[in-house]
Amino acid sequence: MKYQLARNLRYLWPSSLTMSGKTASTTNNIVQARRTVQQLRIEASVERIKVSKASADLMLYCEEHAKKDPLLMGIPASENPFKDKKTCILL
């Protein structure tokens, strides 16, 4: 049914308005190139910093927040929600 409808539309649609395969491919290439250029412009406008500065900032942040990190400092037994409340007694 869809194929028959498409075949009928081809006869009704003026051939000057339909794109040939080559024209559609060229148009698609142009659209893709514009998207690529737009993405490259966005990436080029991003402010960059040196790796040495970024790593120094990251180390400073880690040192400042180390006291609050439960993986480094541990969780007090009184605040640990995963600690067993009851002990297991074997008879």
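This is a short dialogue on how to read a predicted protein model.

Trainee: What should I know about the model before I begin?

Mentor: This is a predicted model, in which local features need pLDDT of at least 70 and side-chain atom pairs count only at pLDDT 80 or more, while totals for chains, interfaces and linings use all residues. Residues are numbered from 1 along each chain as its sequence is written, and side-chain values use heavy atoms, with hydrogens and water left out.

Trainee: In which helix is confidence lowest, and in which is it highest?

Mentor: The score pLDDT is the predictor's confidence in each residue, from 0 to 100. Here the mean is lowest in helix α1 (residues 2-12), at 51, and highest in α3, at 95. Where pLDDT is low, the predicted coordinates should not be read in detail.

Trainee: How many helices and strands does the protein have?

Mentor: Helices (H or I, at least four residues) and strands (E, at least two) are DSSP runs, numbered from the N terminus. This protein has four helices and zero strands, giving the pattern α-α-α-α along the sequence.

Trainee: Which residue forms a salt bridge with D57?

Mentor: A salt bridge is a side-chain nitrogen of Lys or Arg within 4 Å of a carboxyl oxygen of Asp or Glu, and the count here comes to one. The partner of D57 is K53, with the closest N and O atoms 3.1 Å apart. Both D57 and K53 lie in helix α3 (residues 51-65), four residues apart, about one turn of the helix.
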